[in-house]
Amino acid sequence: MFLPVGDNINRRTIPIVPMALVIANLFVFAYQTRILVTSAEGFEAEMKFFETFGLIPAELENYQVMGILSYMFVHGGVSHLLGNMFVLWAFGGSLEFGLGKGTLLAMYMVWGIVAGLTHAIFSWGSEIPLIGASGAIAGMIGAYTVAYGPAARIRGLIFIGYTPIKCSIPAMVFGAGWFMLQLWSASIDPEGMEGTAWYCHIGGFVTGAVTMWIMRGSTQGVLVQNNAGDLVMADRSEIEGEVEAEVVETFSRPITPEPCIRDLSLCPYCESPLENAVQLAETLYRCPNDACSRLLYLDDAPQAPVTWS
């Protein structure tokens with residue numbers, strides 16, 4: 001089993017929305033556990049809790065829709081909860097920087113709602129409550145695969161027995177492999193007899209991938225590669241002119257930096273004078289020679305006058 005715990009993208013901010021979602025899920029689980037421990041009815045009381053806040057497909061026929069939202073904050077046990085929270089945390093941070101806090105929170109709810117409705121369609125009339133955040137988290141995985149899949153790597157743990165081993169795999173491989181596993185599982189267990197809502201996962205993943213594809217050119221953050229070769233998140237507003245155009249064209253493709261230079265006397269590639277080099281960012285310039293137009297990264301901010309684009 002591979003358990004995602006993070007990625008190799010360097011971020012400058014604490015992921016607020018993933019943290020808030022984890023806390024909300026932990027709070028609901030603590031309340032649910034209190035009911036189980038303190039109620040005289042025990043497991044019957046917990047089952048009533050699932051029936052009240054889970055998504056029951058049969059109730060949608062009577063327009064009882066509260067479960068469409070509440071189901072994604074209810075979990076069936078510690079392992080169910082922790083597994084979902086680890087994956088939420090692993091994918092949520094980079095998505096928050098790319099989409100913005102408000103957009104990520106809204107999309108998380110949309111992904112969860114569509115995932116729940118997908119399950120309901122394939123289980124129409126069922127009285128069994130659907131619970132868990134995995135539908136919304138599947139949306140995160142789908143969105144992440146589209147946004148960062150070709151460049152990023154997912155860090156995680158592989159368990160050999162009870163021994164965890166650290167490893168990382170390309171995000172595209174993880175996303176595609178995870179989705180194919182859901183399709184295969186749904187094909188051999190269409191009724192969900194194993195207790196897993198495969199169609200919920202499939203609906204969430206597809207919705208996340210499609211929404212990110214639509215938004216890929218208007219995101220708040222973009223993924224770039226710094227001089228050390230590390231993947232970092234940058235505000236779209238910090239990347240101007242032609243560099244922005246390159247990033248907008250595909251959100252997931254990192255910009256490979258050219259070697260650093262230390263002054264603005266001559267271009268190291270075409271030896272053209274750089275007095276009129278266009279400054280694109282604090283330490284990023286473009287050669288003014290149209291035949292060259294290479295990106296030039298400075299080790300330190302230049303002292304020579306330049307023109308802002």
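Me: Which helix gives the most to the lining of the largest pocket?
Reply: That is α5, with seven residues. Helices here are DSSP runs of H or I with at least four residues, and strands are runs of E with at least two, numbered from the N terminus. This is a predicted model, where local features need pLDDT of at least 70 and side-chain atom pairs 80 or more, while totals for chains, interfaces and linings use all residues. Numbering starts from 1 along each chain, and side-chain values use heavy atoms, without hydrogens or water.

Me: What makes a residue part of that lining?
Reply: An atom within 4 Å of a pocket point; on a 1 Å grid over the protein atoms alone, a pocket is an open set of points where a 1.4 Å probe fits, with protein on both sides within 12 Å along at least five of seven lines. β1 (2–7), α2 (43–53), α5, α6 (101–122), α7 (134–148), α8 (171–188) and α9 (198–215) each supply at least two residues. By class, the lining has 26 nonpolar, 17 polar and one charged residues.

Me: Why is α1 called roughly antiparallel to α5?
Reply: Happily, the angle settles it: helix α1 (residues 16–38) and helix α5 (residues 78–99) pack at about 165°, with axes 8 Å apart. Angles over 145 degrees count as roughly antiparallel, so α1 earns the name against α5.

Me: Which residues of α1 and α5 make the contact?
Reply: Among them are Ile16, Leu21, Asn25 and Phe29 of α1, and Val78, Met85, Trp89 and Glu96 of α5. Contact means heavy atoms within 4.5 Å. By class, there are 13 nonpolar, three polar and one charged residues, with Gly counted among the polar ones.

Methods
Axes are lines fitted to C-alpha atoms, for helices over the stretch in contact, and angles run from 0 to 180 degrees between N-to-C directions. Angles under 35 degrees count as roughly parallel, over 145 as roughly antiparallel, 65 to 115 as roughly perpendicular and the rest as oblique.
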